[in-house]
Amino acid sequence: MTDREQIEKQLREAQAQAEADFAAADSPQTLYEAKTKYLGKKGAVKAILRGLGGLSAEERPLIGQIANEVADALEIVYDARLDVLKRSESEAKLAQDSIDVSFPGTWPVRGARHPLALMLEEIEEFFYSMGYDIAEGPEIEQEWYNFDALNIPADHPARDMQDTFWMKNGGVLRTHTSPVQIRYMQSHQPPLRMIAPGRVYRCDSDVTHSPMFTQVEGLVVGEDVSFRHLIGTLEALLKHVFEDSIEIRLRPSFFPFTEPSAEVDLRRAGGDWMEVLGCGMVNPAVFESAGYDSSKVTGFAFGLGIERFAMIKYGIRDIRLFYENDVRFLRQFR
Ligand code: FA5
């Protein structure tokens, strides 16, 4: 056998031995060790090539080519075996880590919507479905919008109906959402239907009065809007919010911005009456402040307190609970 044949034979034997070792490897780790043993810098193939010294210049490239073929072939066998080993390794892991779907899990702690947010959403949904626009106005209001434009002149006793927080610059924290009526009419022409929810402020505090509370104003203006429309609308609203489980009482009342005016009280069977809203037909003086021709339009308006609605709906006795953020209270609305 010539030297060349000798080396070629060694290479082929090394290849066969390597393939057998690769096949026998039972983990990526042992497979890698086997690869290094044959193809690494100090591996068997390199060792054989180092023995090329005795070959002629023509023979050397031929042997080099065979060595490359052997190395390439082994790389392919290596990759295929590695694939198989990795797959069976991950299958074994999956089988071991199998999930017990009947095991009770840990529940994330869930928050709850605030009862006032729930109530407001319910009221907004009702009016939105009836085609009302939803408007907003500033909480720091000009005296003119909060009072004068609503037919409450400076020296009129009606100014004291609501205890006002005055600002140093002469502005007020709005005492009701009625000023939004004026702002809305200034920027819209009749016919119109809108509600204006928002926070209002008064120097006032006990179990049914909070210094900050939330009103929803309503305003409908058109050519033939009547008191009957007002009553029908409020009845439909109360039915939507309380279903049939509530008694309704309408009392004549007084507001400078409506004429005639009324207040609505509600009571659960066996409970006490609670006033929830004021309403009436828009006073012509209010149309004039807003720039409408009071001989051409009529309208109704109302202002309701959503804390009072929520107190009755959820059976809450003290209005202050809404603002104390006691989680034991809030959790009940989950
Ligand atoms: C007004 O504020 C009128 N602007 C309502 C109105 C609008 C009448 C349009 C006619 C036309 P009153 O002060 O009564 O009215 O308040 C209306 C509602 O707000 C009350 O019925 C009550 O539900 C609620 N409310 C009043 N004061 C408080 C308070 N301090 N805390 C909680 N809710 C209150």
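# Exercises on a two-domain predicted model

The chain is divided into domain 1 (3–96) and domain 2 (115–333), with bounds that come from an automatic or database domain assignment. This is a predicted model: local features need pLDDT of at least 70, side-chain atom pairs count only at pLDDT 80 or more, and totals for chains, interfaces and linings use all residues. Residues are numbered from 1 along each chain as its sequence is written, and side-chain values use heavy atoms, with hydrogens and water left out.

## Exercise 1. The domains

Find how far apart the C-alpha centres of domain 1 and domain 2 lie.

Solution. Take the C-alpha centre of each domain. The two centres lie 87 Å apart.

## Exercise 2. The ligand site

Identify the closest residues around the ligand, then its polar contacts and its cover.

Solution.

Step 1. Collect the surrounding residues (a heavy atom within 4 Å of the ligand). There are 27 of them. The closest are His176, Ser178, Arg202, Glu275 and Val276.

Step 2. Look for polar contacts (a pair of N or O atoms within 3.5 Å; within protein, one must be able to donate a hydrogen and the other to accept it, and residues adjacent in sequence count only if both atoms are side-chain atoms). The His176 side chain places an N or O atom 2.9 Å from a ligand nitrogen. Arg202 has a polar side-chain atom 2.8 Å from a ligand oxygen. For Glu275, a polar side-chain atom is 2.6 Å from an oxygen of the ligand.

Step 3. Check the cover. Alone, the ligand exposes 670 Å², and the protein buries 96% of that. Such areas come from the Shrake-Rupley method with a 1.4 Å probe; for residues, only the protein chains shown count as cover.

## Exercise 3. Two loop residues

Place Gln162 and Thr164, classify them as buried or exposed, and list their contacts.

Solution.

Step 1. Gln162 sits in the loop between α6 (143–146) and β3 (172–173). Thr164 is also in the loop between α6 and β3. Helices (H or I, at least four residues) and strands (E, at least two) are DSSP runs, numbered from the N terminus.

Step 2. Apply the classes: buried is under 20% relative accessible area, exposed over 50%, partly exposed in between (1.4 Å probe, protein chains only). Gln162 counts as buried because its relative accessibility is 12%. Thr164 is buried because its value is 15%.

Step 3. List contacts (heavy atoms within 4.5 Å), leaving out residues up to four places away in sequence. Gln162 touches Phe147, Thr175, His176 and Arg202. Thr164 touches Phe147, Val172, Thr175 and Cys203.

## Exercise 4. Cysteines

How many disulfides does a search of the whole structure find?

Solution. Search for pairs of cysteine sulfur atoms within 2.5 Å. The search finds zero disulfides. Now classify two cysteines. Cys203 is partly exposed because its relative accessibility is 40%. Cys279 is buried because its value is 1%.

## Exercise 5. Met212

Describe the position and surroundings of Met212.

Solution. Met212 lies in strand β5 (residues 212–222). Its relative accessible area is 23%, so Met212 is partly exposed. Beyond residues up to four places away in sequence, Met212 touches Arg199, Val200, Tyr201 and Tyr323. Arg199 is 13 residues from Met212 along the chain, and their C-alpha atoms are separated by 6.7 Å.

## Exercise 6. Helix α10

Which residues of α10 are buried, and what follows the helix?

Solution. Helix α10 spans residues 306–314, and seven of its nine residues are buried. These are Ile306, Glu307, Arg308, Phe309, Ala310, Met311 and Ile312. Gly315 follows α10, with a positive phi near 65°.
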